[in-house]
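Work through the exercises below with the model in view. Try each task before you read its solution.

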Amino acid sequence: MYHRMVTDAGRAALHRYVLVAGGTHTDGLVPLAPQTLRPMLPSFVTAFAELEAWTRPAP
């Protein structure tokens, strides 16, 4: 929904959307369904590094 709203507003080039399959809003829920859910922290760290690279000016 958010991705569509940003795209419809013509602002897609200013945003990145990362969907983590099996991720939740908090890693604290993972122990409740470890076969279904997975921790978000590793994906968050990767996405943050990608954001840094995306926003860093080219040399």
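The exercises go from the whole chain to single residues. Keep in mind that this is a predicted model.

**Exercise 1. The whole chain**

Task: Find how many helices and strands the protein chain has, and compare its radius of gyration with that of a compact globule of 59 residues.

Solution:
- Start with secondary structure. The protein chain comes to 2 helices and 0 strands.
- Next, take the globule. With 59 residues, a compact one would have a radius of gyration near 10 Å.
- Now set the chain beside that value. The protein chain has 15 Å.
- Add the extents. Along the principal axes, the C-alpha trace spans about 40 × 30 × 15 Å.

**Exercise 2. Surface and burial**

Task: State what share of the residues is buried, and what share of the accessible surface belongs to carbon and sulfur atoms.

Solution:
- Burial: 8% of the 59 residues in the protein chain are buried.
- Surface: the accessible area of the chain is about 5100 Å². Carbon and sulfur atoms hold 65% of that area.

**Exercise 3. Ser 43**

Task: Decide whether Ser 43 is buried or exposed, and list its contacts beyond four places in sequence.

Solution:
- Locate the residue. Ser 43 sits in helix H2, which covers residues 41-55.
- Read its relative accessibility, which is 16%.
- Apply the cut-off. Buried means under 20%, so Ser 43 counts as buried.
- List the contacts. Leaving out residues up to four places away in sequence, Ser 43 touches Val 20 and Arg 38.

**Exercise 4. The aromatic pair**

Task: Find the aromatic pair and classify its geometry.

Solution:
- The structure holds 1 aromatic pair.
- Its rings belong to Phe 44 and Phe 48, with centres 6.0 Å apart and planes at 35 degrees.
- Under 30 degrees counts as stacked and over 60 as edge-to-face. The angle of 35 degrees fits neither, so the pair is tilted.
- Both residues lie in helix H2, 4 residues apart, or about one turn of the helix.
- Phe 44 is exposed at 52% relative accessible area, whereas Phe 48 is partly exposed at 42%.

**Exercise 5. The nonpolar patch**

Task: Name the residues of the nonpolar surface patch and place Val 45 within the structure.

Solution:
- The patch is made by Leu 41, Phe 44, Val 45, Phe 48, Leu 51 and Trp 54. Its area is about 590 Å².
- Val 45 lies in helix H2.
- The relative accessible area of Val 45 is 49%. Exposed needs over 50%, so Val 45 is partly exposed.

Notes
Residues are numbered from 1 along each chain as its sequence is written. This is a predicted model: local features need pLDDT of at least 70, side-chain atom pairs count only at pLDDT 80 or more; totals for chains, interfaces and linings use all residues. Side-chain values use heavy atoms; hydrogens and water are left out. Buried means under 20% relative accessible area, exposed over 50%, partly exposed in between (1.4 Å probe, protein chains only). Contact means heavy atoms within 4.5 Å. Patches are made of residues with over 30% relative accessible area and no salt bridge: like charges are joined within 9 Å, nonpolar side chains (Val, Leu, Ile, Met, Phe, Trp, Tyr) within 5 Å. Accessible areas come from the Shrake-Rupley method with a 1.4 Å probe; for residues, only the protein chains shown count as cover. A salt bridge is a side-chain nitrogen of Lys or Arg within 4 Å of a carboxyl oxygen of Asp or Glu. The radius of gyration is taken over C-alpha atoms; the globule rule is 2.2 Å times the number of residues to the power 0.38. Rings of Phe, Tyr and Trp (its six-membered ring) pair if their centres lie within 6.5 Å; planes under 30 degrees apart count as stacked, over 60 as edge-to-face and the rest as tilted.
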